[in-house]
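This report describes a protein fold, its central sheet and a few single residues. Please have the sequence and the structure open while reading.

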Amino acid sequence: MTDPALRPSGPFRYGDRVQLTGPKGRLSTITLTEGGEMHTHHGVLKHEVLVGLPDGSVVENSAGSEYLALRPLLRDFVLSMPRGAAIVYPKDAAQIIAQADIFPGAVVVEAGVGSGALSLSLLRAVGREGRLLSFERREEFADVARANVTTFLGATPENWSITLGDLAEALPETVDAGSVDRVVLDMLAPWDCIDAVAEALTPGGVVTCYVATATQLSRVAEYLRGTGLFTEPEANETMVRGWHVEGLAVRPDHRMVAHTGFLISARRLAPGAVPPDVRKRAVRKTAYGDEDVELWTPGAVGDRQITDKNLRKRLRDAERAAAGVLRATTADDEADAGAAGDD
Ligand SMILES: C[S@@+](CC[C@H](N)C(=O)[O-])C[C@H]1O[C@@H](n2cnc3c(N)ncnc32)[C@H](O)[C@@H]1O
């Protein structure tokens with residue numbers, strides 16, 4: 001198997017990322033390398049012990065401490081990977097795939113790429129036959145996203161590109177009008193990009209925006225309506241409440257993530273089409289003055305801004321992880337090539 005991360009199953013091999021649950025439930029994630037060892041004050045675990053074992057095995061280290069070894073799921077990885085910008089959480093990523101109707105073979109545009117969490121779900125959904133065109137206006141965030149995607153997939157997918165720049169300007173320069181199947185926007189001001197998105201989308205194509213606040217939701221809804229180029233937008237949010245299920249103690253968890261964001265989706269109409277039931281509404285510009293726009297600054301919407309120093313550290317972490325995976329994968333490929341030559 002040349003691309004284990006795209007098919008993350010089968011026995012462990014060098015280059016795999018493995019999540020270990022050790023004494024007292026402590027989690028560590030390692031990348032299996034030839035000669036690699038994990039040192040803790042509970043002893044040493046040689047990576048070679050894991051190679052060839054089935055996913056879900058329990059192994060012992062030099063001191064007899066036991067570790068449960070599992071390949072991290074996509075949702076485990078995105079929650080633990082280095083972040084430049086806030087990520088789309090797995091519950092919302094799953095809804096985006098469904099509501100934006102991302103299908104194998106689709107041409108999908110995404111902006112901004114942020115930390116690359118949503119990119120990973122989109123890449124999975126479009127498959128090898130599809131294409132993901134990501135746009136990001138901050139180069140450091142694009143670098144973090146690239147490193148994270150490379151770490152998880154073991155290589156940078158050939159059907160994925162990141163274009164640096166503002167989507168509103170970069171999209172028309174990058175794609176032909178009407179050539180994009182789906183667009184997903186996760187940014188502070190998606191309404192600024194809707195004209196470019198309308199131009200890029202194929203008739204019937206879907207745009208889905210992920211926004212954090214009700215004021216953003218309202219503004220993007222009114223903008224979509226005002227263009228007259230989309231179907232009536234549909235909005236919702238997703239709450240996932242965990243349950244504690246043990247014997248007779250079966251009840252909702254005490255804590256939950258109550259709010260992450262809202263999704264709003266609409267479909268591109270054919271040129272000149274006016275749906276019979278659409279009440280034409282102009283964008284009421286007066287509804288949004290300068291002081292309203294101030295309300296959507298990153299600080300005002302509680303979007304904590306990462307410091308440059310912190311971002312450089314996250315980028316170093318992400319690149320170190322990606323380099324480790326690439327080193328291990330290359331060494332493994334060379335070993336495979338050597339073994340094949342011996343046949
Ligand atoms: C919340 S983050 C995206 C997180 C990403 N979806 C993830 O799951 O990791 C928003 C990103 O959008 C970028 N951005 C904002 N406006 C943009 C625009 N007009 N064009 C391109 N990127 C933009 C920001 O720089 C930031 O990195």
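In which strand is the place of T31? T31 belongs to strand β2, residues 27-31. Helices (H or I, at least four residues) and strands (E, at least two) are DSSP runs, numbered from the N terminus. Residues are numbered from 1 along each chain as its sequence is written. The model is predicted: local features need pLDDT of at least 70, side-chain atom pairs count only at pLDDT 80 or more, and totals for chains, interfaces and linings use all residues.

**Overall content**

The protein has nine helices and 15 strands. Of its 343 residues, 36% are buried. A residue is buried if 20 or more other C-beta atoms lie within 10 Å of its own, exposed if 12 or fewer, and partly exposed in between, with C-beta atoms placed from the backbone. Two residues are in contact if their C-beta atoms, placed from the backbone, lie within 7 Å. Among contacts between residues at least 6 apart in sequence, 68% join residues at least 24 apart.

T31 gives an example of a distant pair: T31 and T329 are 298 residues apart in sequence, and their C-alpha atoms are 9.7 Å apart in space. T31 is buried because 22 other C-beta atoms lie within 10 Å. Apart from neighbours within four places in sequence, T31 is in contact with G15, R17, G324, V325 and A328.

**The seven-stranded sheet**

An open sheet of seven strands has the order β9-β8-β7-β10-β11-β15-β12, with mixed pairing. Strands β9 (160-164) and β12 (234-237) are at the edges, and each has a single partner strand, so one side of each is left without a neighbour in the sheet. From one strand to the next, the twist averages 15°. Two strands pair if DSSP finds at least two bridges between them. Axes are lines fitted to C-alpha atoms, for helices over the stretch in contact, and angles run from 0 to 180 degrees between N-to-C directions.

The table lists three parallel pairs of the sheet.

| Strand pair | Bridges | Residues opposite each other |
|---|---|---|
| β8 and β9 | five bridges | E136 and L164 |
| β7 and β10 | four bridges | V108 and R182 |
| β10 and β11 | six bridges | L185 and C209 |

Between β10 and β11 the chain passes through helix α6 (residues 194-200), and this β-α-β crossover is right-handed. That term applies if, with the strands pointing away from the viewer, the path from the first strand over the helix to the second runs clockwise. Strand β10 (residues 180-186) is mostly covered, with seven of its seven residues buried.

Helix α5 (residues 167-174) lies across β7 (107-111), β8 and β9, and runs at about 145° to β8. Helix α7 (residues 214-227) also packs on the sheet, where it touches β11 (201-211), β12 and β15 (262-267); its direction makes about 5° with that of β15.

A168 is found in helix α5. With 17 other C-beta atoms within 10 Å, A168 is partly exposed. Leaving aside neighbours within four places in sequence, A168 is in contact with D192, C193 and A196. The C-alpha atoms of A168 and V197 are separated by 7.8 Å, although these residues are 29 apart along the chain.

**Around the ligand**

The ligand has 23 residues around it, and A85, G112, G114, A117 and M187 come nearest. A residue is near a molecule or strand if its C-beta atom, placed from the backbone, lies within 6 Å of it. Helix α3 (117-126), strand β8 and helix α5 each supply at least two residues of this shell. By class, the shell has 14 nonpolar, four polar and five charged residues. Here Ala, Val, Leu, Ile, Met, Phe, Trp, Tyr, Cys and Pro count as nonpolar, Asp, Glu, Lys and Arg as charged, and the others, Gly among them, as polar.

**Backbone details**

Most residues other than glycine have a negative phi, and most peptide bonds are trans. A cis peptide bond joins A111 and G112, with omega about -15°. G112 is in the loop between β7 and α3.

K24, not a glycine, has a positive phi of about 60°. K24 is in the loop between β1 (17-21) and β2, and counts as exposed, with 6 C-beta neighbours inside 10 Å. D101, also not a glycine, has a positive phi of about 55°. D101 is in the loop between α2 (90-99) and β7, and counts as partly exposed, with 17 C-beta neighbours inside 10 Å.
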